[in-house]
Number of protein chains: 2
Amino acid sequence: MENDRSAGERNRDRIIAAAARLLQQGGREAVSTRAVSAAAGVQAPAIYRIFGDKQGLLDAVAAHGFARHLESKEGLRPSGDPVEDLRAGWSLNIAFALDNPALYSLMYGEPRPGATPPAAAAALAFLTSFIHRIAEAGRLHVSEEHAARLVHAVGTGAAFSLMSMPEHQRDLTVSDMARDAVIAAITTDAPAPATPGPQGAAIALSAALPKATVLTAGERALLDEWLDRIVRAG
Amino acid sequence: MENDRSAGERNRDRIIAAAARLLQQGGREAVSTRAVSAAAGVQAPAIYRIFGDKQGLLDAVAAHGFARHLESKEGLRPSGDPVEDLRAGWSLNIAFALDNPALYSLMYGEPRPGATPPAAAAALAFLTSFIHRIAEAGRLHVSEEHAARLVHAVGTGAAFSLMSMPEHQRDLTVSDMARDAVIAAITTDAPAPATPGPQGAAIALSAALPKATVLTAGERALLDEWLDRIVRAG
DNA sequence: TCTCCATGTTAACGATGATAACAAAGAATG
DNA sequence: CATTCTTTGTTATCATCGTTAACATGGAGA
């Protein structure tokens with residue numbers, strides 16, 4: 001019986017799978033330690049040995065569910081237009097919420113300040129990579145952090161709103177409006193630099209530098225010199 | 001002992017007050033039927049006679065809390081500009097969520113399709129009246145229903161986002177951005193498209209900065225700081 | 001006075017999260 | 001090989017929870 005995975009790991013996976021099944025079928029209240037241990041063919045104390053806590057189990061279930069969701073997102077390959085990629089990611093996120101409402105509520109339903117569930121942190125990190133690509137393309141006009149947090153907040157809001165209405169009368173219009181509004185708020189219409197990478201951005205910034213009145217004249221002079229070095233390095 | 005309110009009504013209020021107090025102090029898990037009945041000086045079965053259910057009690061607590069919040073909102077009198085009134089209402093809603101996080105989670109944290117808590121329904125109805133006044137002023141360019149649902153969704157998203165971060169590092173910028181984005185999406189007067197100033201280029205360069213190997217680490221650090229100043233100035 | 005209904009009171013039931021205590025079984029170490 | 005140590009399986013138990021049954025009490029209306 002010596003597989004590549006120890007008995008502990010096997011039990012861990014079985015418990016998570018059983019808990020996820022119960023969560024999807026009967027909602028949060030159906031996930032009791034007894035029901036989980038029975039469904040996983042394990043004794044109750046095993047849960048506490050492995051996850052320490054029921055909250056630990058729920059966090060693990062959320063992380064696992066979200067990880068599986070990310071795998072399906074890997075199919076989404078960059079289309080060349082990072083904003084269009086963000087739109088596609090948005091739709092997938094909404095679909096994930098509607099397919100796993102209990103899990104989504106677990107991730108975002110009762111926020112505890114400072115104690116972000118690992119699954120939520122992973123989701124935000126993943127979203128940040130989308131935003132970063134938009135910034136690289138020179139089409140972001142707020143900071144990456146603000147953009148990521150804004151999209152994240154509005155996305156979860158749209159998801160919760162959709163979750164709250166009965167399935168037959170869900171209207172994706174609101175989700176689409178929210179998506180478009182948020183994209184309009186963080187992107188510039190014109191795909192700025194023709195040249196990708198630091199060079200294009202440096203050229204664009206150099207051109208717009210006189211308008212950057214927050215910098216002193218001395219700072220602008222030094223900055224302009226650096227920009228010139230970046231441009232010439234290309 | 002014959003007051004204008006019957007003993008039942010008096011008990012009802014005391015139970016709700018006790019439950020609300022426990023909820024605010026100890027979060028949702030602190031609200032047990034035993035703790036509530038003890039704090040209210042009432043026997044446990046009284047809760048079930050009055051509210052039928054623990055969920056009924058929680059709904060009543062949420063409705064009461066939101067009603068009290070609405071009273072404070074009554075102070076907000078129409079300023080003549082219905083859009084400006086909506087902005088003020090937005091801020092009050094965010095403040096309500098941050099002041100009563102457990103109650104807010106109760107209202108929106110685990111949506112059950114079709115079973116909207118009375119407090120949430122009241123909130124949406126109240127918001128709808130704001131939207132209606134904007135429509136009357138001829139400044140709405142989507143349907144009232146869509147506008148209300150969109151503002152509601154984005155508002156709760158912003159609230160949950162803020163609730164999830166520790167109090168000392170909360171940044172209302174995201175909430176303001178969400179508010180402005182949603183207002184721009186539903187109202188007519190275009191606030192002029194964002195001019196592609198130095199901000200966009202600065203953000204793009206900041207994203208690509210690690211690739212600018214011609215600069216030393218020290219230069220990159222200082223440059224990043226300047227870029228951040230340029231972005232924030234926008 | 002009698003009846004009925006709302007409320008107060010006690011006790012209990014089943015289920016839940018969590019832990020203690022101990023047995024079994026290898027793995028590691030000497 | 002003997003021994004220790006860590007991990008895992010097993011049973012039993014604790015306090016607490018939501019909820020309800022059963023009965024007592026008391027006042028309002030007939």
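How far does a polar side-chain atom of Tyr48(A) lie from a phosphate oxygen of DNA strand C? The distance is 3.0 Å in this predicted model.

**View 1. Polar contacts with the phosphates of DNA strand C.** Besides Tyr48(A), Asp53(A) places a polar side-chain atom 2.9 Å from a phosphate oxygen of the strand, and Gln43(B) does so at 2.8 Å. Elements giving two or more residues to the surface near DNA strand C are helix 2 (33-40) and helix 3 (44-51) of chain A, with helix 1 (7-26) and helix 3 (44-51) of chain B. Helices are DSSP runs of H or I with at least four residues, numbered from the N terminus.

**View 2. The residues around DNA strand C.** Of the 14 residues around the strand, Thr33(A), Arg34(A), Tyr48(A), Lys54(A) and Arg49(B) come nearest; a residue is near if one of its heavy atoms lies within 4 Å. Sugar or phosphate accounts for 39% of the strand's atoms within 4 Å of the protein, and bases for the rest.

**View 3. Helix 7 (residues 118-136) of chain B.** This helix has 19 residues and reaches 27 Å from its first C-alpha to its last. Its buried residues (under 20% relative accessible area, 1.4 Å probe, protein chains only) include Phe126(B), Leu127(B), Phe130(B) and Ile134(B). The buried set covers an arc of only 140 degrees around the axis, which puts these residues on the same side of helix 7 of chain B; the arc is taken from directions from the helix axis to the C-beta atoms.

**Notes.** Residues are numbered from 1 along each chain as its sequence is written, and chains are lettered from A and ligands numbered from 1 in written order. Local features need pLDDT of at least 70 and side-chain atom pairs pLDDT 80 or more, while totals for chains, interfaces and linings use all residues; side-chain values use heavy atoms, without hydrogens and water.

Key: A polar contact is a pair of N or O atoms within 3.5 Å; within protein, one must be able to donate a hydrogen and the other to accept it, and residues adjacent in sequence count only if both atoms are side-chain atoms. The expected span of a helix is 1.5 Å times one less than its number of residues. Buried means under 20% relative accessible area, exposed over 50%, partly exposed in between (1.4 Å probe, protein chains only).
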